[in-house]
Amino acid sequence: MTTLQLEQLDYQRHAIDAVVNAFEGQTPNSFDNSYFTEIQANVSDLSPEQFAQNLIAAAAANGIASEDAHVAAAEPDICVEMETGTGKTLVYIRTAFELHKKHGFTKFIILVPSVAIREGVMSTLKTFGPQLESLYATRLGFFEYDSRDLPAVRDFLSNPLPQIMVMTIQSFTSDEAVVNRPGRDDSVLGLSYLDAIGRTRPIVIMDEPQEGMDTENAKRRLRVRAPGDTDPTPTLNPLVRLRYSATHKPAETRNLVYRLLPREAYNQRLVKKIEVLTVAEKSDEATLKLEIADIQTGTGAPKVKLKAWKLRAAGDYDWKDTAWLKGPEGRRPGDSIEAKTGNPSYRDYHIERIQKSLSDGRWRVKFTNGTELVQGERSGDREGLFRLQLHHLIRRHYQKKLGLDEHDKPLPPLRPGEPAGLVARGIKPLSLVFIDRVASYVEPDGLIRRLFLDELRALAPRYLGRTPTDAELDTMHDGYFARTGGGEFTDSEAAMLKNKAAFDKIIRSRTALLALDEPIEFIFSHSALGVGWDNPNIFNIATLNLSYSDTKKRQEIGRGLRLCRDEHGARVHDAADTPEGREINLLTVIPNETYETFALQYQEQIKEAYGNAAAGSPLRKNEKGRAKKKTVRRRDEVYTSPAFKAFWDKLARRTRYTVAFDEAQLIRRGVEALDALTVPAYRAEIALNRIDHMAADGGFSHAHLGSDTAALSATFAPTDLLEQLSDRTALARPTAFKILCALAPAARRQLLRNPPVWLQHAVAALQHIEREEMLRALTYTPTAEIVPLTSLLESFETFRPVTPTPKRGLYDHAPTDSEIEADFATSADADHFGGCQVVCFLKLPDDYVIPIPGHAEGYRPDWGVVLEQTSLAEGEPERFQFVVETKGTDLIDDARALTGDEQFKIRCAKKHFAALGVEAAFVAPVKSWRSFLEKTGLS
């Protein structure tokens with residue numbers, strides 16, 4: 001059995017820390033301060049002001065400004081946005097472990113919107129539980145809520161050991177749910193079970209909260225009971241609600257502390273690259289495609305607008321809506337589609353009848369030639385389209401599996417001894433097919449089953465080198481569908497969500513599908529494998545639906561975004577210099593629509609979610625199995641020029657770095673910083689407010705009459721300061737011990753005033769010193785190795801957007817990943833800028849990498865630029881060479897635009913270039929060509 005292996009990934013660490021740090025400064029929970037009669041609870045003594053400050057700091061650490069974070073300390077929400085496929089489930093499970101380790105919290109509820117997601121969470125807990133227990137040296141008990149097993153809930157209430165309970169939202173939102181019933185003989189403290197759970201003040205982890213958790217009923221049961229709350233509705237009364245989603249509803253986005261956009265995940269190679277393989281005919285104006293666009297009803301007979309191919313005056317065709325069309329009236333025949341569109345393909349299409357079906361409520365248009373068009377479906381060669389989709393799905397599957405190009409020729413190895421095919425690398429590929437009618441696959445003569453087996457039977461011998469038997473073919477595919485209570489297959493998604501048994505094979509055996517000796521390679525599903533199911537080894541997805549845009553594009557793509565794993569469960573990553581199109585992690589989506597339509601709808605969904613379509617992952621176009629790449633050609637007059645060769649000779653040298661900490665200096669600075677800390681005493685605030693007006697709707701206004709503070713005595717839980725400082729700063733324990741021992745008596749008194757708050761400030765101060773000391777002690781040394789000039793190929797193909805650079809670019813186009821980069825390239829390609837002229841420039845290749853401490857992938861700057869400036873005095877023009885990093889800011893300390901990692905990499909890169917003897921050569925960050933010139937003084 002394949003065992004998935006736990007990874008330590010920086011971006012996941014940042015997402016975990018963002019939540020854990022929101023509770024900085026609170027007293028850690030212990031049995032003494034958090035156990036009450038029959039109830040082990042989570043408690044927090046953070047004030048709203050402290051909580052708000054922590055949220056702002058956590059957001060800022062991840063490049064999110066407070067206005068974008070929507071900080072509202074009065075709302076116990078923390079939002080984390082992570083692109084689908086980047087390990088959200090594992091992140092929040094690890095966050096629970098961290099919250100227990102650092103703050104002592106013991107009660108966690110993972111709340112999910114469906115049985116599918118619940119089973120996925122349970123599978124993740126079982127798969128990674130032993131590894132997490134070993135990593136954290138502690139065990140978090142977990143179980144699935146079941147109304148028939150209330151003793152497990154009673155144990156959750158009272159057990160002082162950390163516990164995770166996994167629940168669906170449906171399990172407690174109904175008044176009739178067992179957990180909501182008061183007065184049970186086995187109740188705890190006479191409460192309903194939900195109210196008893198609320199006494200534990202659980203940390204509620206909401207997975208995809210936009211899927212049914214933001215209804216008014218759900219909100220009432222997830223509210224925090226405030227003083228004076230008289231609502232009898234039972235509530236989970238959470239200490240905090242942790243909301244995890246790829247996209248939160250704007251109205252529910254509060255306290256956003258971490259965000260990983262689709263484009264960021266894509267560019268950082270955290271998910272698969274995406275290509276869209278379209279099988280739509282390019283010249284399908286001659287086909288008989290029709291679609292009901294709109295229906296008009298009123299006092300007269302109904303009218304219809306059809307989407308059809310209309311002839312334009314220029315002689316070409318547009319796929320667009322017709323005018324309103326009528327059926328026959330009296331002796332007048334129904335409207336002619338040919339006459340309304342000018343397209344002779346529709347010659348025999350006259351409307352005979354427009355009616356709404358009583359059985360399914362869908363409108364139908366019948367034509368005099370016997371063709372009937374159903375609302376939501378498109379007429380035309382449906383069988384032919386499905387056959388083409390399946391044909392290309394099977395071809396792409398085997399091409400990836402065996403390492404073949406689009407012509408089925410073996411791909412050359414990228415590196416000596418490295419196989420090109422997935423199976424040769426120990427990776428089992430899977431392909432997923434969404435269909436909209438279960439009968440099309442489960443029936444022996446179903447259309448999709450028949451078409452798939454026809455194509456598999458025809459294509460398999462080409463790739464297997466032999467003709468497989470029908471029995472072998474049957475073992476290569478399987479389907480997962482909902483069943484009714486009577487055992488019949490059904491198209492109902494609701495039935496699937498309620499049918500736990502239907503998920504056992506695909507969820508609990510998910511890792512078994514990764515074994516090379518498992519024969520299943522093609523998976524068919526209706527709704528079972530939607531949100532809540534994915535598999536790292538899904539490499540191809542086809543959507544065979546009668547209607548277009550039936551599924552959300554992000555949902556379709558999301559089923560296969562995870563980076564793949566090999567047969568041993570190890571994650572497989574593509575090397576940074578892997579050419580485009582040769583990635584192992586490449587997801588092919590085969591929709592039943594044109595690339596343009598698919599891409600437009602995907603971009604609209606991204607724009608709706610983030611306000612900017614550029615936040616989405618780039619899509620690659622692949623038409624009928626042939627990738628649509630752009631060829632970028634080198635301009636040899638620049639490549640062979642002395643100016644460019646001088647630039648490359650100067651900046652292409654590689655370096656190595658050394659870091660030698662001065663422990664005495666680190667200790668001295670650490671002691672000075674901690675001696676300077678001042679910590680507020682543990683106090684209470686007393687405020688007097690008088691209500692002076694109350695409205696009929698229950699609202700009121702009040703007058704503030706004054707406030708005061710008073711000192712409180714507190715018994716803080718024992719804290720191992722040495723362990724905490726060492727673990728949270730990465731300082732060696734002896735170093736942390738020396739710092740603590742050297743603290744002045746006044747500093748120790750500050751510590752005793754409020755140890756949790758002191759520790760929070762101490763950790764932040766020491767981390768800042770560590771970063772500064774690392775940079776101070778960081779030394780780069782040039783090596784004899786260079787980035788070879790031959791890495792600048794004569795031409796290359798790219799799927800990325802390109803910007804024309806025909807005048808000054810090393811290549812006739814520059815690949816660009818953002819509007820900022822595109823604008824920079826366009827400006828650099830212009831002839832003159834005041835007294836400056838661009839001699840040449842280029843987007844630096846992928847193997848131009850600067851080594852960075854603690855970052856195995858290194859750092860890749862954006863641009864190389866050579867400028868020339870003619871002085872007023874006669875003589876040779878002065879030439880300047882630069883490496884430039886384009887970002888959304890001109891300020892390196894801009895936490896809103898740059899993460900801490902980005903700032904650190906830029907500062908390290910400055911030392912790299914200084915070591916090469918070109919201190920002014922690296923300019924970063926800049927957000928425009930104009931600001932680049934201003935920074936260099938050449939504007």
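**Exercise 1.** Decide whether Arg118 is buried or exposed in this predicted model, and find which residue forms a salt bridge with Arg118.

*Solution.*
Step 1. Arg118 has a relative accessibility of 11%. Buried means under 20%, so Arg118 counts as buried.
Step 2. The salt-bridge partner of Arg118 is Glu144, and the closest N and O atoms of the two are 3.5 Å apart.
Step 3. Arg118 belongs to helix H6 (residues 115–136) and Glu144 to strand E5 (residues 141–144), so the pair ties together parts that are 26 residues apart in sequence.
Step 4. Glu144, at 23% relative accessibility, counts as partly exposed.

**Exercise 2.** Find which helices are linked by the salt bridge of Glu455 and Arg387, and by that of Glu773 and Arg669.

*Solution.*
Step 1. Between Glu455 and Arg387 the N to O distance is 3.0 Å. Glu455 sits in helix H15 (residues 447–464) and Arg387 in helix H13 (residues 382–402), distant parts of the chain that are 68 residues apart.
Step 2. Glu455 is buried at 10% relative accessibility, while Arg387 is partly exposed at 27%.
Step 3. Glu773 and Arg669 also form a salt bridge, with 3.0 Å from N to O. Here helix H27 (residues 755–777) holds Glu773 and helix H23 holds Arg669, so parts 104 residues apart in sequence are tied together.
Step 4. Glu773 has a relative accessible area of 1% and is buried.
Step 5. A search of the whole structure gives 55 salt bridges. One network of salt bridges links Glu75, Asp77, Glu216, Lys219, Arg241, Glu252 and Arg254.

**Exercise 3.** Describe the surroundings of strand E22: which strands pair with E22, and in what sense?

*Solution.*
Step 1. E22 spans residues 538–544, and 7 of its 7 residues are buried.
Step 2. Strand E17 (residues 430–435) runs parallel to E22 and is joined to E22 by 6 bridges. Phe434 has Thr543 in E22 as its bridge partner.
Step 3. Strand E23 (residues 586–590) pairs with E22 over 3 bridges, again in the parallel sense. There, Thr588 is the bridge partner of Asn540.

**Exercise 4.** Work out what Phe367 touches and where Phe367 lies.

*Solution.*
Step 1. Phe367 is part of strand E15 (residues 363–367).
Step 2. Its relative accessibility is 1%, so Phe367 counts as buried.
Step 3. Setting aside neighbours within four places in sequence, the contacts of Phe367 include Leu290, Leu306, Ile337, Tyr349 and Leu373.
Step 4. Ile354 is 13 residues from Phe367 along the chain, and their C-alpha atoms are separated by 9.2 Å.

**Exercise 5.** Locate the largest nonpolar core and a nonpolar patch on the surface.

*Solution.*
Step 1. The largest nonpolar core has 76 residues; Ile78, Leu99, Ile110, Leu242, Ile557 and Leu619 touch the most other members.
Step 2. Leu619 touches, among others, Ile274, Val276, Ile557 and Tyr595, not counting residues up to four places away in sequence.
Step 3. Another core, of 35 residues, lies apart from the largest one, with Trp648, Leu810, Ala921 and Ala924 among its members.
Step 4. In soluble globular proteins, nonpolar side chains tend to be buried together.
Step 5. On the surface, Tyr657, Val659 and Phe661 make a nonpolar patch of about 240 Å². Phe661 is in the loop between strand E27 (653–659) and helix H23 (663–675), and is partly exposed with a relative accessible area of 42%.

How values were computed: Residues numbered from 1 in each chain as written. Predicted model: local features only at pLDDT ≥ 70, side-chain atom pairs only at ≥ 80, totals over all residues. Heavy atoms only, no water. Patch = residues over 30% accessible without salt bridge, like charges linked within 9 Å, V, L, I, M, F, W, Y side chains within 5 Å. Areas by Shrake-Rupley, 256 points an atom, 1.4 Å probe, with all protein chains shown as cover. Salt bridge = Lys/Arg side-chain N within 4 Å of Asp/Glu carboxyl O. Helix = DSSP H or I, 4+ residues; strand = E, 2+ residues; numbered from the N terminus. Buried < 20%, exposed > 50% of the residue type's maximum accessible area, 1.4 Å probe, protein only. Pairing = 2+ DSSP bridges. Core = buried A, V, L, I, M, F, W, Y, C linked by side-chain atoms within 4.5 Å. Contact = heavy atoms within 4.5 Å.
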